[in-house]
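Please read these notes with the structure open beside you. They take up a few backbone details, some charged pairs, and some buried or surface positions.

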Amino acid sequence: MKNMDGSPKTSMPELMAVLRSSSDFIQYGNKGVTAKYWISYFRTLIDSKMLHESVLAVLSKEDWSSLEELKDSVPVENIILTSDTDVVKEKLLQGFIMVSLSEYGQSCLLIRVFMEKARQVSLPEVEFSVVGPKEAFVESLESNIHLIRKRMPSDQLRIREINIGKLTRTKVAVLYVENIANDENVRTVWQRLNGIEIDHISDSSVLTQIMSDNHHSPFPQLLDSERPDRVVSILSEGKIVIVVDGSPQVLIGPSTLVEFFSAFDDYFFNYIVASFFRIVRLASVAFSILVTPVYVAALNFHYELIPRDLLNTLVSSREEIPLPPILEAVFLELTIELLREAGARLPTKVGQTIGIVGGIVIGTASVEAGLTSNVLLIIVALAALASFTTPVYKMSNTIRLVRFPFLLFAEFYGLLGIVFCFCVLATHLLKLSSLGRPFLEPIYPPRSADMKDALIRLPFSMMSKRPIQLRTQQPIRFDKKRASQNKDIDE
């Protein structure tokens, strides 16, 4: 017998010889008069209590004449009867036990007694919300799918699984709603997952980088989330969700740029309040990127743009500063980045102390030492604070990186350099796509219908259609006229 690649199949004695080289592999043969059987498993993967109560208790009762009879008697749900050694090897490494009636029998039973050890469902840490559900995904694929199924008990929810990684064989699940999701989007995701050649997958973040349309872009092109309620809402829109075993973050696509600045708790507030918060976030991102470069450009090239009263304040604050504005700005920006990284890498309590005390001490000392001006210190601190308003952590990292090219071009070319950087950034975003769909939609291509839930959020009664860019099979969510007639209270 040969495998699909032409190589000869491993025989059962050869497979057992290879597996026995691992100290946690157990192969036991019961040659008693009452019952004769052989059992093999990895003791570090199986639940020993389930093994003794559900499997060995049945095996020891009588001398079984056939594996089919034994299969019907073992009270375990997932049992496979096979003679394929490749299947045997795969399932043994997934927490199955192998039962045969002879030491190297051609056929065997594979019984799942996997020991499930997973973190309990807890509060969201990255996407925390004061209002709304307080459940977050964990590292178990089964638990995560359960959280999704519980919120969407629909027979149209489809789940397709695949193992990725030559060494880790990480289980990855693709979720979508059959009568809503675009078949082309589903095929795109499935083809990209099938085409991955890698030895291990440690987290969903690895898949994000591999599956991205543009691997050289600093912008994340697949949205990640730790909230089951957000994932269910996105599935109902017609998007595709990718769940990776061992990762508490699931991937969502196709995604657009504006989604990275929309927090899911926007839907828990009145649409006026939610729209205001979205505008504040977008303004904060623009402020975070531009304020320090504009400061450097104004001091180097454009004094005439600064009001006279403010100019006097800037000049007096820099009167004894030996560094040029660019070095002063870079020094403070890098200091902020160091404090961020130190706070993120240290234990929680120590990290909070470093962030607060370190910022105060270093900021005060640098001003008193005459290395930086107090005005720039305030500007950089506000820019750092504004960057924290981005709901998605990966996009927040990108915003931190984008500031530095703007700062460099502002030093050499002033406001012209800032405009040039903005044009380069806009061109890059226009060319980006997520699973083949425009990344800047609905800004470009302009789609007025999708603007109802983009830069602002309109009332739910006005969002009767799913996003146009998804090309869903059912573009209408609900009958707007009927909903209006049945409405008792104005939103």
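1. Start with R169, which counts as partly exposed because its relative accessibility is 42%. Keep in mind while looking that this is a predicted model. R169 sits in the loop that runs between β6 (157-164) and β7 (170-177). Its phi is near 50 degrees, and this is a positive value in a residue other than glycine.

2. L435 also has a positive phi without being glycine, with a value near 55 degrees. The residue belongs to the loop between β11 (433-434) and β12. Is L435 buried or exposed? L435 is buried, because its relative accessibility is 6%, and the cut-off for buried is under 20%.

3. Two cis peptide bonds deserve a look. One runs from G253 to P254, and its omega is near -5 degrees. P254 is in the loop that links β10 (250-253) and α9 (271-300). The other runs from E441 to P442, with omega near 10 degrees. P442 is placed in the loop between β12 (437-438) and α16 (480-485).

4. P254 turns up again among the contacts of N185. If neighbours within four places in sequence are left aside, N185 touches I240, P254, R437 and L470. N185 itself is part of helix α6 (residues 183-194). It counts as buried because its relative accessibility is 1%.

5. How many salt bridges does the count come to? The total is 20 salt bridges. Three of the pairs are described in the next points, with their positions and their burial.

6. R477 and E237 form a salt bridge through their side chains, at 3.5 Å from N to O. What does this pair tie together? R477 is in the loop between β12 and α16, while E237 is in helix α8 (residues 228-237), so the bridge ties together parts that are 240 residues apart in sequence. The partners are not equally covered: R477 counts as partly exposed, at 34% relative accessibility, whereas E237 counts as buried, at 10%.

7. A salt bridge also joins the side chains of R278 and D266, at 3.0 Å from N to O. R278 lies in helix α9 and D266 in the loop between β10 and α9, so parts 12 residues apart in sequence are tied together by this pair. R278 counts as buried, because its relative accessibility is 1%. D266 is buried too, with a relative accessible area of 1%.

8. The pair R340 and E337 is found within one helix. Both residues lie in α11 (residues 325-345), 3 residues apart, which is about one turn of the helix. Their side chains meet in a salt bridge of 3.3 Å, N to O. R340 is buried at 12% relative accessibility, and E337 is buried with a relative accessible area of 13%. Salt bridges with shared partners join E333, E337, R340, R400 and R403 into one network.

9. Helix α8, which holds E237, also contains P228. P228 counts as buried because its relative accessibility is 0%. Which residues does P228 contact, leaving aside neighbours within four places in sequence? They are E135, A136, F137, L147 and R151. F137 is 91 residues away from P228 along the chain, yet their C-alpha atoms are separated by 6.7 Å.

10. Finally, turn to the surface. A nonpolar patch there is formed by L123, F128, V130, V131, F269, V273, F276, F277 and V280. Together these residues have about 780 Å² of accessible area. V280 is found in helix α9, the helix that also holds R278. What class of exposure does V280 have? V280 is partly exposed, because its relative accessible area is 34%, and partly exposed covers the range between under 20% and over 50%. Set V280 beside R278 in your viewer: V280 is partly exposed, whereas R278 is buried.

Note on methods:
Residues are numbered from 1 along each chain as its sequence is written. This is a predicted model: local features need pLDDT of at least 70, side-chain atom pairs count only at pLDDT 80 or more; totals for chains, interfaces and linings use all residues. Side-chain values use heavy atoms; hydrogens and water are left out. Helices (H or I, at least four residues) and strands (E, at least two) are DSSP runs, numbered from the N terminus. Buried means under 20% relative accessible area, exposed over 50%, partly exposed in between (1.4 Å probe, protein chains only). A salt bridge is a side-chain nitrogen of Lys or Arg within 4 Å of a carboxyl oxygen of Asp or Glu. Contact means heavy atoms within 4.5 Å. Patches are made of residues with over 30% relative accessible area and no salt bridge: like charges are joined within 9 Å, nonpolar side chains (Val, Leu, Ile, Met, Phe, Trp, Tyr) within 5 Å. Accessible areas come from the Shrake-Rupley method with a 1.4 Å probe; for residues, only the protein chains shown count as cover.
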